[in-house]
Amino acid sequence: MTTIFVTLLGLLFVTFMIGRVMPIDPVLAVIGERATQAQYEETFIALGLDQPLMVQFWIYVRDVMHGDFGQSIRTGQEVSSDIARVFPATFELATLGTLFGVVIGVPLGVLAAVRRGTWIDQIARFVGLIGYSMPIFWLGLVGLLVFYGILGWVSGPGRVGIFYQGIVEPITGMLLVDSLLRGEWDVFKSAFSHIILPASLLGYFSLAYISRMTRSFMLEQMNSEYIITARVKGLSEWQVVWGHAFRNIRIQLITVIALAYANLLEGSVLTEIIFAWPGIGQYITTSLLANDMNAVLGGTIVIGSIFVGINIFSDLLYRFFDPRAK
Amino acid sequence: MIEPLLNVENLWVRFPSRNADFDAVRGVSFTLGQERLGIVGESGSGKSLTGRALLRLIQSPGIVEADRMTLHGENILHASEARMRQLRGGQISMIMQDPKFSLNPVMSVGQQMSEALRAHKKVSKSQARIQTIKMLDEVAIRDPERVFDLFPHEVSGGMGQRIMIAMMLLPNPKILIADEPTSALDVSVQIQVLDIMDKLVRDRGMGLIFISHDLNLVAKFCDRIIIMYAGRIVETCKASELRQAKHPYTLGLLNSVPNLEHPRDRLDVLKRDPAWRDAPSVSACQ
């Protein structure tokens, strides 16, 4: 528990300091360049900038504890409500992408390890290599060109068709879930055809990573002696692979999947920009370009906390899957 | 003539490589009845691979060839993989060197043992549990109910090896291959583990193949001994007549073992003659 607390406090401190050393005048960002000297000083004090740095930090921590990240200059709203709006979009995209990567990547990696050196292994490694080395913006553009522009199988950029925008009252903020809960089938269909391309693209990248790691974990286990024991017992190959070898890589795999998931949750800025996806990556980038430091800091802290949270969660799963960790 | 449990003629284990094939086992022949057969040899003499070849568990690219390899008269050289799975564990089983590595670290003792039984016998989970606990008791494990739920890292080496023995004997196989079963164990528990194994194997009228590099141990626990060198059998003899061995390699092995009752200042160094690689094997006792 203490480690978590210290980690989060460190995260706050670093982000706060970065915000303060940036060559951006927070006062000018609020009042604009043509304000008078008197207005400038008034705002300077209102923002608490006359206080010592440590006091400023303390006030900031206290506000953050209350869920208050300050106001966004760009949108004119509370940063917390902005994040509550943009984060579900990223969450939806990242979850779907990770699901895709796990469902295809894990069996592919296992198969590649078991059939090592055969054509299926070659294909798995080739797929992984492309996923590792292709820049995502290029694949994204080509994907849009082919599947949206030429074939017309999916919808283009954005979260949902323009006619369906704002129809569904948010519950969770995730459009796929909300439209289902509200029974809006047409909205769901439109949202699905919008999300499928960016989600598979992100999924492809996590697939490349997950299948490569699964393959190497499995290769290591398949050479273990307990695998020979399992075969001596007369078990089928399926039981040997999934019942024995795979059981032993679950722990390592959790770490890999958690990292891949956290990576996508951090907001894949490039993907979100190419697909005009109103997620947290795009939010932070736009805010940064508009000198909107409150929004940038708030977004960074939320992402950092999620990262810490996912790591805690995967540590908890360790205890569940590894008898030696108890 | 009664068909022996196991009959092997001219067994070869070959690993093809780009330049020249490597022959790990080169034309080994022997039979096994309801007896305890020891296979002794130095590292790389092909004794372990002989054991694995009998289970057809030589990993590709390794190749197993033989003129004859039968179990109860059934050809196991060309048996289907499905048939081999029935035979493995069910008829012929194997114990390996170190229980730390040969038991699955994330499965409980009971889980692994029940699985071995249920792979061959149609029994319910609760029946499997009862039989497993009974078997743990037979290998002299105290408080078997508790051990049933332990994980391999929670048991000692000697206990682990007894669990291994119990697990492999659970489906009642006819042959047990023990591949260096005590080499990883503490000297003080070696004999204890071997005594338990020996008793179970004899009570059940099984055939035992005891693979080891420890000549004294093999002489103590076996009826017959095969000495292997460079993938071949150089000598076969009765354990009781080991002292009358003729082959210079066997004599070399015997002379390089220290003896407490007749201490010597200097032990002989084993000298190897390349000609042994291809010379025909000798038998001390015909």
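A residue counts as buried when its relative accessible area is under 20%. Keep that cut-off in mind for this tour of a predicted model.

**Stop 1: helix α1 of chain B**

Select α1(B) and colour it by accessibility. This helix is mostly covered, with six of its eight residues buried. Those six are Lys47(B), Thr50(B), Gly51(B), Arg52(B), Ala53(B) and Leu54(B). Step past the helix to Arg56(B), which has a positive phi, near 55 degrees.

**Stop 2: the loop ahead of that helix**

Now pick Glu42(B), in the loop between β3 (36–40) and α1 (47–54) of chain B. It counts as partly exposed because its relative accessibility is 22%. Leaving out residues up to four places away in sequence, Glu42(B) touches Lys47(B), Met228(B), Tyr229(B), Tyr249(B), Leu270(B) and Arg272(B). Lys47(B) will be familiar as one of the buried residues of α1(B).

For the next move, draw a C-alpha to C-alpha distance from Glu42(B) to Gln192(B): the two are 24 Å apart in space and 150 residues apart in sequence.

**Stop 3: a buried arginine**

Gln192(B) leads you to Arg162(B), since the two are in contact. Arg162(B) sits in helix α7 (residues 157–169) of chain B. Which side chain of opposite charge is nearest to Arg162(B)? That is Asp137(B), 9.4 Å away, and Arg162(B) is buried without a salt bridge. Show its surroundings as sticks: apart from neighbours within four places in sequence, its contacts are Val139(B), Ala140(B), Ile141(B), Gln192(B), Val193(B) and Ile196(B).

**Stop 4: charge pairs in chain B**

Select Asp143(B) and Arg146(B), which form a salt bridge with their closest N and O atoms 3.5 Å apart. Asp143(B) is partly exposed at 43% relative accessible area, and Arg146(B) is partly exposed at 47%. Elsewhere on your list, Arg36(B), Asp198(B), Arg202(B) and Asp223(B) are joined into one network by salt bridges that share partners. Over all chains, the salt bridges number 20.

**Stop 5: across to chain A**

Show both chains and look at the contact, to which chain A gives 18 residues and chain B gives 29. Glu225(A), Val232(A) and Lys233(A) lose the most area on the chain A side, together 31% of what that side buries. The two chains bury about 2100 Å² between them, 61% of it on carbon and sulfur atoms.

How many salt bridges are there between chain A and chain B? The count is one. It links Glu115(B) and Lys233(A), at 2.8 Å from N to O. The pair runs from helix α4 (residues 109–118) of chain B to the loop between α10 (225–232) and α11 (237–265) of chain A. Glu115(B) counts as buried at 16% relative accessibility, and Lys233(A) is buried at 2%.

**Stop 6: chain A as a whole**

Hide chain B and zoom out. Chain A has 14 helices and zero strands, and its C-alpha trace spans about 85 × 50 × 40 Å along the principal axes. Of its 326 residues, 44% are buried. Colour by charge to find 20 positive and 23 negative side chains, the centres of the two sets lying 16 Å apart.

**Last stop: a pair inside one helix**

Finish on Asp82(A) and Arg85(A), whose salt bridge has its closest N and O atoms 3.1 Å apart. They lie three residues apart in helix α5 (residues 79–114) of chain A, so about one helical turn separates them. Asp82(A) is buried, at 0% relative accessible area, whereas Arg85(A) is partly exposed at 46%.

Notes:
Residues numbered from 1 in each chain as written. Chains lettered and ligands numbered in written order. Predicted model: local features only at pLDDT ≥ 70, side-chain atom pairs only at ≥ 80, totals over all residues. Heavy atoms only, no water. Helix = DSSP H or I, 4+ residues; strand = E, 2+ residues; numbered from the N terminus. Buried < 20%, exposed > 50% of the residue type's maximum accessible area, 1.4 Å probe, protein only. Lys, Arg positive; Asp, Glu negative; His and termini not counted. Charge placed at Lys NZ, Arg CZ, Asp CG, Glu CD. Contact = heavy atoms within 4.5 Å. Buried area = accessible area lost by both parts, 1.4 Å probe. Salt bridge = Lys/Arg side-chain N within 4 Å of Asp/Glu carboxyl O.
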